[in-house]
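Grab your favourite viewer and work through these exercises with the coordinates loaded. Each one gives a task, followed by a solution in steps.

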2 protein chains.
Amino acid sequence: MTENNGYMHWLRERIEKEGRYLGNGILKVDVFLNHQVDPLLMQGIGYEFARRFRAQDPTKILTAETSGIAPALAAGMMLQVPVVFARKSKPLTLSHEPYQADAPSHTKGGHVTLMVSHEFLSPGERVLIIDDFLASTLTIRALANIVEQSGATLVGIGAVIEKAFEGGRGKLRDLNVQVESLAVIERFEGDKIIFAE
Amino acid sequence: MTENNGYMHWLRERIEKEGRYLGNGILKVDVFLNHQVDPLLMQGIGYEFARRFRAQDPTKILTAETSGIAPALAAGMMLQVPVVFARKSKPLTLSHEPYQADAPSHTKGGHVTLMVSHEFLSPGERVLIIDDFLASTLTIRALANIVEQSGATLVGIGAVIEKAFEGGRGKLRDLNVQVESLAVIERFEGDKIIFAE
């Protein structure tokens, strides 16, 4: 266990005890992360993101609805910076043409369009992207694309769980920012979850 | 200002300063509540929900994605109880037939089906429903319906902002539970927001 993830051994424990591998690379963690949320775990996650990214001096956190909201808000509470969640469908109150980027839909198949109102991202902002999973990176890249459109500066990418076997970290290298995952899954063996050391 | 909402005068101030009335009963508060989230305000909201509902001894908080998640999580952090958010589309990890109830869609028109996995609500649980708005009450009633299906006990309903002119509170009377809104808007006059005392 490296210094870097020492604090998060309890996240690993929760994944091991309560996560369930459904095959095809799909990990079910809806007991504490993306359908039911454990607030104490989430506070720990927020604390850890804040510890790792504070030096980047983020002024805003960006995530995508729905499952990114809880970890992003927890991090925003610790860093005391506003949290913006990209919308997947246009609310009545989003009147003008927002920043847009396409991302895959995890529930409907196909893709969804992520939207962020112009008023919430501007040049001069330092944006930290937080999401629940780092896997295909397509959602994260869509968020990074929105940051770029806005003229703001991307300063980091944080995920609660990384599926290293999908090679996402390499795919983010060109963005040239700090990337942090709080638990890194190297692979599955049967229904056993193997973490990277 | 009554004792009951004394703590939340700053929520009113935020609504007055940063909210924008778009006509047709639609209040735009996406600067701090449902597109961008102010974490400090959200912590205050969580504190206030906890203060008002602690005596009901809730064991779980239930909300609907997307905009209910932040206030529900903030309340969950203060009360240290798990937060369940009803899904509007079925994730891959939601394999069995969930509890379901129809609610209106605020973004797409028509309606959406709210879904909660059976494993997260059971008889014996004491459920507090938290949402961003108390208005038509159709979403809140859908959540209450899901609580009923599960055999759990509904112990309270909390909303950040109530649009009193939609008469929602009366529509919830038959549920016979404590209903609390942190800011109650009586009506709009032109673009001015009139709060109930």
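**Exercise 1. Trace the open sheet that takes strands from both chains, and find its edges.**

Solution. Keep in mind that this is a predicted model.
- Start with the order: seven strands run S3(A)-S5(B)-S4(B)-S8(B)-S9(B)-S10(B)-S11(B), with mixed pairing, and the sheet is open.
- Now the edges: S3 of chain A and S11 of chain B each pair on one side only.
- Next, look at how chain A joins in. Its strand S3 (residues 36-37) pairs with S5(B) over two bridges, in the antiparallel sense.
- Going residue by residue, Val37(A) has Val83(B) as its bridge partner, while Gln36(A) stands opposite Val84(B).

As background, strands of a sheet pair through backbone hydrogen bonds, either parallel or antiparallel.

**Exercise 2. Walk through the hairpin of S10(B) and S11(B), then place Phe195(B) in its surroundings.**

Solution.
- S10 (residues 178-189) and S11 (residues 192-195) of chain B are antiparallel partners, with four bridges between them.
- One of the pairs to look for is Glu189(B) with Lys192(B).
- Two residues sit between the strands, and Gly190(B) takes a positive phi near 60 degrees there.
- Phe195(B) belongs to strand S11 of chain B. It has 17 C-beta neighbours inside 10 Å, so it counts as partly exposed.
- Across the sequence, Phe195(B) and Ile185(B) are 10 residues apart, yet their C-alpha atoms are 4.3 Å apart in space.
- Leaving out residues up to four places away in sequence, Phe195(B) touches Arg12(B), Ala183(B), Val184(B), Ile185(B) and Glu186(B).

**Exercise 3. Work out how the two copies are related and what the contact is made of.**

Solution.
- Superpose first: a turn of 180 degrees with a shift of 0.0 Å along the axis lays chain B on chain A, at an RMSD of 0.0 Å.
- The two copies are thus related as by a two-fold rotation axis.
- To find that axis from chain B, go to Thr66(B): its C-alpha is the nearest in the chain, 3.0 Å away.
- Now count the contact: 35 residues come from chain B and 35 residues from chain A.
- On the chain B side, strand S3 (36-37), helix H2 (39-53), helix H3 (69-79) and strand S5 (83-86) each supply at least two residues. H3(B) gives the most, with five residues.
- Sorted by class, that side of chain B has 17 nonpolar, 11 polar and seven charged residues.
- Finally, 100% of the interface residues of chain B are also interface residues in chain A, so the copies meet through the same surface.

**Exercise 4. Check the geometry of H4(A), see what it packs against, and look at the core.**

Solution.
- Helix H4 (residues 138-150) of chain A has 13 residues and reaches 19 Å from first C-alpha to last, close to the 18 Å expected at 1.5 Å a residue.
- Just after H4(A), Gly151(A) takes a positive phi of about 85 degrees.
- Its buried residues include Arg141(A), Leu143(A) and Val147(A) of H4(A).- The buried residues of H4(A) pack against strands of chain A, among them S4 (60-64), S6 (99-104) and S9 (153-163).
- The largest nonpolar core has 121 residues, and Leu73(A), Leu143(A), Leu73(B) and Leu143(B) touch the most other members.
- Take Leu143(B) as a case: not counting residues up to four places away in sequence, Leu143(B) touches Leu62(B), Ala64(B), Ala86(B), Leu114(B) and Ile129(B).

In soluble globular proteins, nonpolar side chains tend to be buried together.

Methods. Residues are numbered from 1 along each chain as its sequence is written. Chains are lettered from A and ligands numbered from 1 in the order in which they are written. This is a predicted model: local features need pLDDT of at least 70, side-chain atom pairs count only at pLDDT 80 or more; totals for chains, interfaces and linings use all residues. Two residues are in contact if their C-beta atoms, placed from the backbone, lie within 7 Å. Ala, Val, Leu, Ile, Met, Phe, Trp, Tyr, Cys and Pro count as nonpolar, Asp, Glu, Lys and Arg as charged, and the others, Gly among them, as polar. Two strands pair if DSSP finds at least two bridges between them. The expected span of a helix is 1.5 Å times one less than its number of residues. A residue is buried if 20 or more other C-beta atoms lie within 10 Å of its own, exposed if 12 or fewer, and partly exposed in between; C-beta atoms are placed from the backbone. Copies are superposed by least squares on the C-alpha atoms of residues with pLDDT of at least 70 in both. A nonpolar core is a set of buried Ala, Val, Leu, Ile, Met, Phe, Trp, Tyr and Cys residues joined through C-beta atoms within 7 Å.
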